[in-house]
Amino acid sequence: MARWHEYRVSPAGELALAFTNTMVPLGFGLGAGLALTLAMGLPAEEGFLETFLLDLGVAPETVWDTVKAFDFLSRIGLALMFGVGIIAAFAGCFASSHADVATARGLVAATRAGAPRTDVPVPHQVERVVRKDSSALEGLLIMFSLVASILLIPLFFFAASDEFTGGMVVSGIGLAAVAGMVYWWRYLRNVQRPAQHRRRLEAAAHWTTEDEEAAWQAAREADVNTLESAGIPQNSQDPMRDYKRAKKRQRHQFVRFGKRLDRFGIGGLILAPAIFYLLTFLLYPDARQTSPSQWELGRRADLEGSTQQLATIGMAVLVALLLAAAILPSVGLLLQGLGERAERAELRLALDSPNAARPIRALLVYHTGQHGSAFGRFIAGTSGLLISFGPAVLILSTMSGGGFYSGAGEIFSPFRTIGVAATILGFALLLGGFALNASSHSKGMDFRNALLHRWPTLPDVKTTSEGDNTVQVESSVGPSLTPSYKR
């Protein structure tokens, strides 16, 4: 009888997949760091922090140092976050592309080793084989090549005309990097993509469309009562909408609450710009947009009485929203980790019992997928927060001399040890999250296969955008290993 089976890939492929699942929460952690940076920088920039501390009776010298510290930290922190974010995006896309290639190689190795035709590759592995494996990486390479070229070519000619050797060297190195990115892009399109297609054809020659359809049919028959098992009445006006709601209720309460905290945090980050713009127009009524990316604020309004109180309340709400965006997602990830551990324990008990009833569908769909460790995601997200601020404190503590950052070294030098510790801890947590994800992917494969073999379950339908249309991902709705077109 045909069934789905997850095949092992190379250790490098497992590490690439774990790395991909680590970069995503790192990005969320950097986003939380951005929210905290804005929560510190905006009140300092607009004078609210200074007024608040003076009203509390803090000494003026301490107030001024505190305001400068928040301003310095927010500016350096933003630059670091964007830099680390760009590196993380490149690394994540590269790792995802390599994981796709490693998955295809793993399926080809399985066919050459005589894998049974009845053990059909699981849909999430088929998806990695049939999709355009490097499209995201190609897009990043093209975007950064164009931006870097626009910036570096004029710099090179200006440096050459002024005989500025240092500028010529820097711009020359940058242009060489651009050439490397263009070469990489051509390699992905002209070498890697055709090679991936050949691997797909070899896997499809072993597991035919009929083999795939047999596995899909077995899952449909086992999952035929999906709506009924989820408690959806037969006379439901919109059964799929009701099923999505019921699916959320089927997960562990910690998972549900953790996801709710995630949504609250993201909602705070979405609402914060609206509050910020309202405050801007309240504080700077003469503000006007001079270009798509520039504003001329004009003179700051002299607020009094209820108007000043309204501005203060608005700034407090803005800071609260940004703090929620920074803290709630991390707490949510931690709760999801606790809930997923409880769900896995429940499923393992069911696997150990030969007479156990079929678990609810939401658990089977989630825990047969490759999601990594929720604790690993939590640790990686926390590392993003520490990496956002630790290096910034360390850099500011070493600054000396005049200029915009005058006095930064004196303010932050007492915190240099904290900056070093936060930086080391941040990267250690990042490695720890990566290690947990790698362990989860490798050691969890037997568990996922046990669930797939005993209780075949249809995957949730995925959608993607093609132009102005939203279409279903082919590998989430039926057989797709065999190409339906010629290249």
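Val120 is buried, with a relative accessible area of 1%. The model is predicted. Val120 sits in strand E2, which covers residues 119-121. Leaving aside neighbours within four places in sequence, Val120 is in contact with Arg3, Trp4, His5, Tyr7, Trp207, Asp211, Glu212 and Ala215. Val120 and Tyr7 are 113 residues apart along the chain, and their C-alpha atoms are separated by 9.3 Å.

**Around strand E2**

Asp119 also has a partner far along the chain. The side chains of Arg3 and Asp119 meet in a salt bridge of 2.8 Å, N to O. Arg3 lies in strand E1 and Asp119 in strand E2, so this pair ties together parts that are 116 residues apart in sequence. Asp119 counts as buried at 10% relative accessibility. Arg3 is partly exposed, with a relative accessible area of 31%.

Trp4 touches Val120 too. Other residues in contact with Trp4, not counting those up to four places away in sequence, include Pro121, Val122, Pro123, Ala215, Trp216 and Leu452.

**The cores**

Which residues have the most contacts inside the largest nonpolar core? They are Trp4, Tyr7, Leu107, Trp207 and Leu481, in a core of 21 residues. Four elements give two or more residues to this core: helix H3 (60-112), helix H4 (123-130), helix H6 (165-206) and helix H7 (209-222). Apart from it lies another core, of 13 residues. Leu279, Leu283, Ala311 and Met315 are among its members.

Helix H4 is mostly covered, with eight of its eight residues buried. Among them are Pro123, His124, Glu127 and Arg128. Arg128 also belongs to a network of salt bridges that links it with Asp100 and Arg131.

**Aromatic pairs**

The structure holds five aromatic pairs. Tyr7 and Trp207 form a tilted one, 5.2 Å centre to centre with 45° between the planes. Tyr7 lies in the loop between strand E1 (3-5) and helix H1 (11-45), and Trp207 in the loop between H6 and H7, so the pair ties together parts that are 200 residues apart in sequence. Tyr7 counts as buried at 9% relative accessibility. Trp207 is buried, with a relative accessible area of 0%.

Phe19 and Phe434 form an edge-to-face pair, 6.0 Å centre to centre with 75° between the planes. The two residues are 415 residues apart, with Phe19 in helix H1 and Phe434 in helix H15 (residues 416-443). Phe19 counts as partly exposed at 26% relative accessibility. Phe434 counts as partly exposed at 22%.

**Salt bridges**

The structure holds 14 salt bridges. Three of them are listed here with their N to O distances.

| Salt bridge | Distance, N to O |
|---|---|
| Arg3 and Asp119 | 2.8 Å |
| Arg75 and Asp71 | 3.0 Å |
| Arg251 and Glu343 | 2.9 Å |

Arg75 and Asp71 both lie in helix H3, four residues apart, about one turn of the helix. An α-helix has 3.6 residues a turn, so residues three or four places apart point the same way. Arg75 is partly exposed, with a relative accessible area of 35%. Asp71 counts as buried at 14% relative accessibility.

Arg251 and Glu343 link separate elements. Arg251 lies in the loop between helix H9 (239-250) and helix H10 (253-283), and Glu343 in helix H11 (residues 305-352), so the pair ties together parts that are 92 residues apart in sequence. Are these two residues buried or exposed? Both Arg251 and Glu343 are buried.

**Arginines over rings**

Arg251 also lies over the face of Tyr366, at 4.3 Å from the ring centre. Arg348 lies over the face of Phe447, at 4.3 Å from the ring centre.

Tyr366 is in turn touched by Arg377. Arg377 lies in helix H13 (residues 374-397). At 13% relative accessibility, Arg377 counts as buried. Its other contacts include Asn21, Pro25, Leu333, Glu340 and Asn437, not counting residues up to four places away in sequence.

**The whole chain**

The protein chain has 16 helices and six strands. Of its 487 residues, 44% count as buried. The chain exposes about 25500 Å², and carbon and sulfur atoms supply 64% of that area. Among contacts with a separation of 6 or more, residues 24 or more positions apart account for 81%.

Terms used:
Residues are numbered from 1 along each chain as its sequence is written. This is a predicted model: local features need pLDDT of at least 70, side-chain atom pairs count only at pLDDT 80 or more; totals for chains, interfaces and linings use all residues. Side-chain values use heavy atoms; hydrogens and water are left out. A nonpolar core is a set of buried Ala, Val, Leu, Ile, Met, Phe, Trp, Tyr and Cys residues joined through side-chain atoms within 4.5 Å. Buried means under 20% relative accessible area, exposed over 50%, partly exposed in between (1.4 Å probe, protein chains only). Contact means heavy atoms within 4.5 Å. Accessible areas come from the Shrake-Rupley method with a 1.4 Å probe; for residues, only the protein chains shown count as cover. Rings of Phe, Tyr and Trp (its six-membered ring) pair if their centres lie within 6.5 Å; planes under 30 degrees apart count as stacked, over 60 as edge-to-face and the rest as tilted. A charge sits over a ring if NZ of Lys or CZ of Arg is within 6 Å of the ring centre and within 35 degrees of the ring normal. A salt bridge is a side-chain nitrogen of Lys or Arg within 4 Å of a carboxyl oxygen of Asp or Glu.
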